[in-house]
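Biologist: Could you take me through this model? I would like to begin with the cysteines.

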Amino acid sequence: MGGNCILYNIIVYFCASNFFEMSDVKIIITDRDGVKHEVDAPTDMNMNLMEVVSAYELAPEGTIGVCGGMAMCASCQCYVVSETELPPMEDDEDAMLAEAFYVKDNSRLGCQIRITPEIEGLEVELAPES
């Protein structure tokens with residue numbers, strides 16, 4: 001009986017993985033030491049750029065995402081280097097960047113950049129730690 005259950009789980013997994021096309025996007029992230037990292041970011045997990053930076057440990061723990069991704073601290077500020085078109089900035093992100101340090105014209109909060117297929121090839125540079 002146990003063998004049938006395992007076989008059933010394998011069949012379900014195979015069918016589900018073919019039915020739901022899981023995809024990643026390539027993103028280039030320059031860390032605060034100037035090192036470029038090309039990473040794969042999953043589009044099927046409702047993640048944001050701040051969470052990807054944390055997952056790949058591209059910033060020391062406790063220096064990024066301090067507010068938990070609520071656009072309230074700017075610890076995940078980054079500079080968008082590529083011409084990738086991102087959704088417009090919401091009011092809370094704009095307000096936070098108005099108070100942050102090291103802000104440039106291309107500044108965005110990583111916690112507000114959703115990982116979607118449309119951002120394939122996005123290149124960002126992490127802003128200095130405030």
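Modeller: C111 is buried, at 3% relative accessible area; buried means under 20%, exposed over 50% and partly exposed in between, using a 1.4 Å probe and protein chains only. Please note that this is a predicted model, in which local features need pLDDT of at least 70 and side-chain atom pairs count only at pLDDT 80 or more, while totals for chains, interfaces and linings use all residues. Residues are numbered from 1 along each chain as its sequence is written, and side-chain values use heavy atoms, with hydrogens and water left out.

Biologist: Why is the sulfur of C111 not bonded to that of C76?

Modeller: The closest cysteine sulfur to that of C111 is in C76, and it lies 3.8 Å away, which is too far for a bond. A disulfide is a pair of cysteine sulfur atoms within 2.5 Å.

Biologist: How many disulfides does the structure hold?

Modeller: It holds zero disulfides. C67 is likewise in none, with the nearest cysteine sulfur, that of C73, 3.6 Å away. C67 counts as partly exposed, at 23% relative accessibility.

Biologist: Turning to the fold, what is the order of helices and strands?

Modeller: Along the sequence the pattern is α-β-β-α-β-α-β-β, with three helices and five strands. These are DSSP runs numbered from the N terminus: helices are H or I of at least four residues, strands E of at least two.

Biologist: And which residues touch the most others in the largest nonpolar core?

Modeller: They are I27, I29, L49, L109, I115, I119 and L122, in a core of 30 residues. Helix 2 (49-55) is among the elements giving two or more residues to this core, and its four residues are the largest share. A nonpolar core is a set of buried Ala, Val, Leu, Ile, Met, Phe, Trp, Tyr and Cys residues joined through side-chain atoms within 4.5 Å.

Biologist: What does L49 touch?

Modeller: Leaving aside residues up to four places away in sequence, L49 touches I27, I29, C78, G110, I113, I115, L122 and V124. Contact means heavy atoms within 4.5 Å.

Biologist: How much of the protein is buried?

Modeller: Buried residues account for 38% of the 130 residues.

Biologist: What share of contacts joins residues at least 24 apart?

Modeller: That share is 62%, among contacts between residues at least 6 apart in sequence.
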